[in-house]
Amino acid sequence: MITLYSRSILLLTALIFFSCGRKSAQKDADETPAVTRMSQAAFSVMPDGRKVTLYTLRNSNGMEMSVMNYGGIIVSLKVPDRQGRVEEVTLGFDSLSQYIANNPYFGALIGRYGNRIGNGGFTLEGQKYKLPTNDGTNQLHGGPKGFDKVYWDIAAGSDSASLTLTYMSPDGEQGYPGNLSAEVKYTLTDNNEVRIDYRATTDKPTVVNLTNHAYFNLTGDAAKNSILDHSLEINASHFLPVDEKLIPTGELTPVAGTPFDFTTPHRVGERIEGDDAQLKAGRGYDHCWVIDDPDGSLKPVAILTEPQSGRRMDVLTTEPGIQFYSGNFLSESLVARHGPCAFRSALCLETQHFPDSPNKPEFPSVVLKPGDTYNTTTVYRFSVVE
Ligand code: GLA
């Protein structure tokens with residue numbers, strides 16, 4: 001079975017390379033730039049026997065992104081530095097069993113609800129919904145078996161630069177109403193952009209908040225370097241303070257004069273140990289910033305730069321919020337591809353609606369109704385600085 005499967009994968013890969021190779025040979029002759037190419041390889045098999053394939057997109061600048069069916073996870077993302085050295089900038093594991101056993105959401109698609117919903121439930125249109133909890137009394141990242149742990153079908157785009165992942169979440173799954181049909185498209189462009197388009201439809205009123213939980217360390221060596229020397233800028237003049245359970249209090253607090261002010265670039269480590277009640281509550285940064293003037297269009301919201309490698313990552317999104325999580329729960333007891341995961345050796349910039357919005361009518365709505373389409377986009381754009 002497996003041999004037959006690997007053989008057909010090999011054949012498919014060869015065919016894809018052959019046709020892409022032909023295309024790029026023609027393109028070279030025409031002196032137009034080469035395009036992103038896709039290849040695939042068997043990664044593993046799910047405990048229930050379903051095949052997990054690793055799809056790899058490569059662009060004309062040597063940038064590479066690999067994605068698998070389990071959790072729709074970005075397993076690897078390799079990006080050139082200032083010298084053109086292409087290195088890994090995200091955390092990941094080598095094997096599926098490690099992802100299944102204990103993954104703190106490395107590279108995963110998060111749904112149905114990114115971040116926390118307090119008190120394990122919410123009320124929608126007069127009906128109470130109870131959610132299975134997995135973070136004390138909260139539900140975190142869609143519950144004990146969120147979208148990060150389900151099998152996504154993957155179809156390669158005809159442009160060979162994109163992958164479309166689909167998952168049908170049945171009515172009642174992890175406590176949420178409605179059959180939710182989710183679609184996530186990953187594109188790697190020749191401008192060194194990872195573009196993620198999220199879409200969803202439902203057959204009953206429900207709540208949705210999808211994101212990706214990639215952990216970044218732009219140095220290219222998470223074994224040696226923390227993220228404290230990365231420099232961060234966030235276009236947000238307010239953030240959401242949290243209570244002791246990391247649920248937003250509902251207030252929008254101005255960042256001015258606080259360690260949360262990233263309206264100009266600051267080293268992540270500059271103020272992280274400061275005497276600040278919110279930093280203590282989050283064990284560091286683990287908060288949602290309120291993007292200035294969101295209007296649903298794709299806007300630049302954050303810039304992360306790393307001085308040693310020169311790598312720069314711009315985050316653009318249509319979302320009204322961005323969760324900056326400084327890797328405060330990482331610990332060396334977790335061993336990933338690069339080795340033990342030291343405290344704050346990677347950070348996340350999760351674009352999203354606000355945490356606990358289903359219980360906070362004053363926050364932008366996360367309600368999706370039958371007939372409407374949930375539609376958001378986030379772009380991680382890579383470049384280098386001198
Ligand atoms: C999010 C949360 C954090 C933590 C991580 C996963 O960023 O805000 O508190 O749960 O995910 O470890």
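This section describes the sheets, aromatic contacts, pockets and unusual backbone positions of a predicted model.

Two open sheets are considered first. The strands of a sheet pair through backbone hydrogen bonds, in either the parallel or the antiparallel sense. One open sheet comprises nine strands in the order 11-12-13-14-29-23-22-17-20, and the pairing is antiparallel. Its edges are formed by strand 11 (153-156) and strand 20 (266-267), each of which pairs on one side only. Within this sheet, strand 12 (residues 162-169) and strand 13 (residues 180-188) run antiparallel and are joined by eight bridges. Two of the residue pairs across strand 12 and strand 13 can be named: Thr166 has Glu183 of strand 13 as its bridge partner, and Leu163 has Tyr186 of strand 13. Strand 13 is also paired with strand 14 (residues 193-202), again in the antiparallel sense, over nine bridges. Here Val184 has Tyr198 of strand 14 as its bridge partner. Strand 13 and strand 14 form a hairpin with four residues between the strands, and in this hairpin Asn192 adopts a positive phi near 60°.

The other open sheet has five strands, ordered 19-18-21-24-27, and is likewise antiparallel in its pairing. Strand 19 (253-254) and strand 27 (348-352) each have a single partner strand and stand at the edges, so one side of each is left without a neighbour in the sheet. Strand 18 and strand 19 are paired antiparallel over two bridges, with His238 opposite Pro254 of strand 19. The loop between strand 18 and strand 19 contains Leu252. The C-alpha atom of Leu252 is separated by 5.2 Å from that of Leu240, a residue 12 positions away along the chain. Leu252 has a relative accessibility of 42% and therefore counts as partly exposed, as this value falls between the limits of 20% and 50%.

Aromatic contacts were examined next. The model contains 22 aromatic pairs. One of them is formed by Phe239 and Trp289, whose rings are tilted, with a centre-to-centre distance of 6.2 Å and an angle of 40° between the planes. This pair links distant parts of the chain, since Phe239 belongs to strand 18 (residues 238-240) and Trp289 to strand 21 (residues 286-290), with their positions 50 residues apart. Phe239 and Trp289 are both buried. Strand 18 and strand 21 follow one another in the order of the five-stranded sheet. Elsewhere, ring pairs connect Phe93, Tyr99, Phe106, Tyr215, Tyr325 and Phe329 into a cluster. An aromatic ring also takes part in a contact with a charge: the charged end of Arg271 sits over the ring of Phe262, at 4.8 Å from the ring centre.

Pockets were located with a probe. Rolling a probe the size of a water molecule over the atoms shows where empty space is left. The largest pocket holds about 320 Å³ of space. Its lining consists of 19 residues, and those nearest its centre are Pro104, Tyr105, Tyr215, Tyr325 and Phe329. Tyr215, Tyr325 and Phe329 are also members of the aromatic cluster. By class, eight residues of the lining are nonpolar, seven are polar and four are charged.

The second largest pocket has a volume of about 180 Å³. It is lined by 13 residues, with His353, Ser365, Tyr374, Asn375 and Thr376 nearest its centre. Strand 28 (367-368) and strand 29 (374-384) are the elements that supply two or more residues to this lining. The main contributor is strand 29, with three residues. Strand 29 is also part of the nine-stranded sheet. The lining of the second largest pocket is made up of five nonpolar, seven polar and one charged residues.

Backbone geometry departs from the usual at several positions in loops. Most residues other than glycine have a negative phi, and most peptide bonds are trans. The peptide bond between Gly111 and Arg112 is cis, with omega about -5°. Arg112 is located in the loop between strand 6 (109-110) and strand 7 (116-117). Asn119, which is not a glycine, has a positive phi of about 50°. This residue lies in the loop between strand 7 and strand 8 (121-124). Asn119 is exposed, with a relative accessible area of 66%. Arg283 is not a glycine either, and its phi is positive at about 55°. Arg283 occupies the loop between helix 3 (277-281) and strand 21, and its relative accessibility of 47% makes it partly exposed.

Key: Residues are numbered from 1 along each chain as its sequence is written. This is a predicted model: local features need pLDDT of at least 70, side-chain atom pairs count only at pLDDT 80 or more; totals for chains, interfaces and linings use all residues. Side-chain values use heavy atoms; hydrogens and water are left out. Rings of Phe, Tyr and Trp (its six-membered ring) pair if their centres lie within 6.5 Å; planes under 30 degrees apart count as stacked, over 60 as edge-to-face and the rest as tilted. Buried means under 20% relative accessible area, exposed over 50%, partly exposed in between (1.4 Å probe, protein chains only). A charge sits over a ring if NZ of Lys or CZ of Arg is within 6 Å of the ring centre and within 35 degrees of the ring normal. On a 1 Å grid over the protein atoms alone, a cavity is a set of points where a 1.4 Å probe fits but cannot get out, and a pocket is an open set with protein on both sides within 12 Å along at least five of seven lines; lining residues have an atom within 4 Å of a point. Grid points are joined across faces, edges and corners, and a volume is the space filled by probe spheres set on the points. Ala, Val, Leu, Ile, Met, Phe, Trp, Tyr, Cys and Pro count as nonpolar, Asp, Glu, Lys and Arg as charged, and the others, Gly among them, as polar. Two strands pair if DSSP finds at least two bridges between them.
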